[in-house]
Amino acid sequence: MVEIIYTDKYGKEKGMLPWAEGDFTIGKNNTFELKISPDIGIEQDCYLMIEGTEYGGIVDNVDIDTTATYITVSGRTWHGLLEESPICPNSGSDYYVVSGDLNTVLGQIISRQDLSDCMMANPQASGYSVNNYQIYYSDAYSAIREMLKSAGCKLAIKYSGSERKAILSA
């Protein structure tokens, strides 16, 4: 059985869900929907994740059916959080320019997008880089994937319980 970690709305881990039924959709919708026990205390802005995997995200909705023995929680995966975060060019510019090791650049983007509370870049150098890569107005998910693709890489996301964040790397 897969253990799903849950947090309070401040990101503090509270424990493991005793059971869950549902799925995480990554690539197209970048959302999740799970049926869980109603006595856990999960509310909007809590996080759910599976250690060492890309499966996780933020709870956006809690649906309660008083005739059911479960509640349904749904939200955006880590991919979805990036997808709904627009990268805007600096004032007076047509694009945002990045250069350097891809993991370092990922960290810069996470910080710029104000996602540092739940994400970080792998602190180790990826060995791949970009030079003066131009990001036009785009969502962070698409921009990151295109940037990594230009360097022959893919985006990897894994939740780290020790860091209490999703770790992005090239």
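This is a short talk about a hairpin, some aromatic rings and the cysteines in one structure.

Hi everyone, thanks for coming. Please keep in mind that what we are looking at is a predicted model.

Let's start with the hairpin. Strand β13, residues 156-160, and strand β14, residues 165-169, run antiparallel and are joined by five bridges. If you want one of the contacts to find on screen, take Tyr 159: its bridge partner in β14 is Ala 166. Between the two strands there are four residues, and in this hairpin Arg 164 has a positive phi near 60 degrees.

Now to the rings. How many aromatic pairs does the structure hold? The count is five. One of them is Phe 24 with Tyr 55, a tilted pair whose centres are 5.9 Å apart, with 50 degrees between the planes. This pair links distant parts of the chain: Phe 24 belongs to strand β3 (residues 20-25), Tyr 55 sits in the loop between β5 and β6, and 31 residues separate them. Are these two buried or exposed? Phe 24 counts as buried, at 15% relative accessibility, while Tyr 55 is partly exposed at 34%. Phe 32 comes in here too, as ring pairs link Phe 24, Phe 32 and Tyr 55 into a cluster.

Another pair to look up is Tyr 95 and Tyr 136. Their arrangement is edge-to-face, at 5.2 Å centre to centre and 65 degrees between the planes. Here too the pair links distant parts of the chain, 41 residues apart: Tyr 95 is in the loop between β8 and β9, and Tyr 136 is in the loop between β11 and β12. Tyr 95 is partly exposed at 26% relative accessibility, and Tyr 136 is partly exposed at 46%.

While you have the rings on screen, have a look at Tyr 96. Arg 112 lies over its face, 3.7 Å from the ring centre.

Last topic, the cysteines. The structure holds zero disulfides. Why does Cys 88 have no bond to another cysteine? The closest cysteine sulfur, in Cys 118, is 18 Å away from the sulfur of Cys 88, so the distance is too far for a bond. Cys 118 has a similar story, because its closest cysteine sulfur is in Cys 46, at 13 Å, again too far for a bond. As for their surroundings, Cys 88 is partly exposed at 35% relative accessibility, whereas Cys 118 is buried, with a relative accessible area of 5%.

That's my tour, and I'm happy to take questions!

Notes: Residues numbered from 1 in each chain as written. Predicted model: local features only at pLDDT ≥ 70, side-chain atom pairs only at ≥ 80, totals over all residues. Heavy atoms only, no water. Pairing = 2+ DSSP bridges. Phe/Tyr/Trp six-rings, centres within 6.5 Å; stacked < 30°, edge-to-face > 60°. Buried < 20%, exposed > 50% of the residue type's maximum accessible area, 1.4 Å probe, protein only. Lys NZ or Arg CZ within 6 Å of the ring centre and 35° of its normal. Disulfide = S-S within 2.5 Å.
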